[in-house]
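Here are some short exercises to work through with the model open beside you. Try each task before reading its solution.

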Protein chains: 2
Amino acid sequence: MTQSPPLARALNGARSRKGAGARVEGIDYGPLAQWLGFHLRLAQIASFQAFAAEVGEVDLPPGRFALLTLIGRNPGISQTVLSRAAGRDKSTLTPALRDLRKRELILCQRLARDRRSYHLSLTPAGQTMLRRLTHCAARHEHNLERIVGARDRPKLLRLLNKIVTELG
Amino acid sequence: MTQSPPLARALNGARSRKGAGARVEGIDYGPLAQWLGFHLRLAQIASFQAFAAEVGEVDLPPGRFALLTLIGRNPGISQTVLSRAAGRDKSTLTPALRDLRKRELILCQRLARDRRSYHLSLTPAGQTMLRRLTHCAARHEHNLERIVGARDRPKLLRLLNKIVTELG
DNA sequence: GCCAATTGGTCGGATATAAAACTATCTGCT
DNA sequence: AGCAGATAGTTTTATATCCGACCAATTGGC
């Protein structure tokens, strides 16, 4: 339908949902087809996009969600600890937290105790927002669970966790 | 050591390898601890960084590797198809491919057949580079396999693949 | 007390990525 | 032909992210 003989069908197979999505048919993935690293990447992208779609209505980038959850669960946490918990560099929190503060979702308090660090906590509005997002996330997780199957879910979780822990 | 009582140990536990890495101790992850999406993200980051370290010596960003592999396996592939296969937006390939072309690793040919699209292929230098990278990637995969265990590897691959396919 | 080393956070530069708008080309229908 | 609609790539704009350099506050040894 396009032109180059062996690749033509590639376009049409595999639901054309944006850039990420299913494997493209008619393409030889070579060793990639067997590599965990590549599949981790694709799965993460797919999951991320699905999550973004689920949260779509709520005006808050997906990345902020983990931050809100961690702050909500650990009031008084500092930026550095938060960055490690969320698996991101501490420097990336500066703009993200500034945004959350501007939206009045979190509180950043300098304490006399140690005036270098901030103690982060949720405002009431932040707690409300977190509840809404948690709801969306639960729907997303439900979808994922349906896909992997309730029986394999714990194993998948354990394997992913092992990778994170042992590669760290 | 730091200050806020319950969070103090968080910094020291869990090898302080950059931003990504193992779970931070002393932190309450709340529902995140059980969410596949979050763990997918962490595992992908960890894997990506480990891969980058493995490939470190070779002067080529990790992201380019999948592109080279796919082009090598599917000579004549177009940018749009390549972008789908690699799970990225087509617009992101423009700078990446320009770089690869500048390094003389790939060939971008306009064919008279359809002068909109390019037919991509590897140069001899590109093939050599691909072989070297494949070697590094194999080491990385070997590490991952050691971590997840040879027995669980196929299952993990299958589950990841299912997520990608069904979320697409 | 004072200075060196450490630690928390920010800034600037670089890369990666996506989404939308745009250009060039091709295809089909008339 | 000629024009509408589809398709391939590029550009523009906006984020997210990392890293290394930086500044401010703290701590420990003297």
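**Exercise 1.** Find which residues are buried in helix 2 of chain A, and work out what they pack against.

*Solution.* This is a predicted model, so begin by locating residues 63–73 of chain A, which form helix 2. A residue is called buried when 20 or more other C-beta atoms lie within 10 Å of its own. Applying that cut-off gives A:Phe65, A:Ala66, A:Leu67, A:Leu68, A:Thr69, A:Leu70, A:Ile71 and A:Gly72. That makes 8 of the 11 residues, so helix 2 is largely enclosed by the rest of the structure. Next, look at the neighbours: within chain A, the buried residues pack against helix 3, helix 4, strand 1 (106–111), strand 2 and helix 5. Chain B adds helix 1 to these partners.

**Exercise 2.** Check the length of helix 6 of chain A, then decide how its buried residues are arranged around the axis.

*Solution.* Start with the length. At 1.5 Å a residue, the 15 residues of helix 6 (residues 153–167) should span 21 Å, and the end C-alpha atoms are indeed 21 Å apart. Now pick out the buried positions: A:Leu156, A:Leu159, A:Leu160, A:Ile163, A:Val164 and A:Leu167. Looking down the axis of helix 6 of chain A, these buried residues fall within an arc of 135°, so they line one face of the helix. Finally, ask what covers them: the cover includes helix 5 (124–148) of chain A, along with helix 1 (36–55), helix 5 (124–148) and helix 6 (153–167) of chain B.

**Exercise 3.** Describe the side of chain B that touches chain A.

*Solution.* Count first: 72 residues of chain B are in contact with 72 residues of chain A. On the chain B side, helix 1, helix 2 (63–73), helix 3 (79–86), strand 2, helix 5 and helix 6 each supply at least two residues. Helix 1 of chain B gives the largest share, 14 residues. Sorted by class, this side of chain B has 35 nonpolar, 21 polar and 16 charged residues.

**Exercise 4.** Which residues are closest to DNA strand C, and what classes make up the surface near it?

*Solution.* Of the 25 residues that surround DNA strand C, the closest are A:Gln79, A:Ser91, A:Ser117, B:Pro61 and B:Asp89. The surface near the strand has 6 nonpolar, 11 polar and 8 charged residues.

**Exercise 5.** Where in chain A does pLDDT stay under 50?

*Solution.* Chain A averages a pLDDT of 84, with 86% of the residues scoring at least 70. The stretch under 50 is residues 1–20. Where pLDDT is low, the predicted coordinates should not be read in detail.

Terms used. Residues numbered from 1 in each chain as written. Chains lettered and ligands numbered in written order. Predicted model: local features only at pLDDT ≥ 70, side-chain atom pairs only at ≥ 80, totals over all residues. Near = placed C-beta within 6 Å. Nonpolar A, V, L, I, M, F, W, Y, C, P; charged D, E, K, R; others polar. Helix = DSSP H or I, 4+ residues; strand = E, 2+ residues; numbered from the N terminus. Expected span 1.5 Å × (residues − 1). Buried ≥ 20, exposed ≤ 12 C-beta atoms within 10 Å, placed from the backbone. Arc of directions from axis to C-beta. Contact = placed C-beta atoms within 7 Å. pLDDT = per-residue confidence, 0-100.
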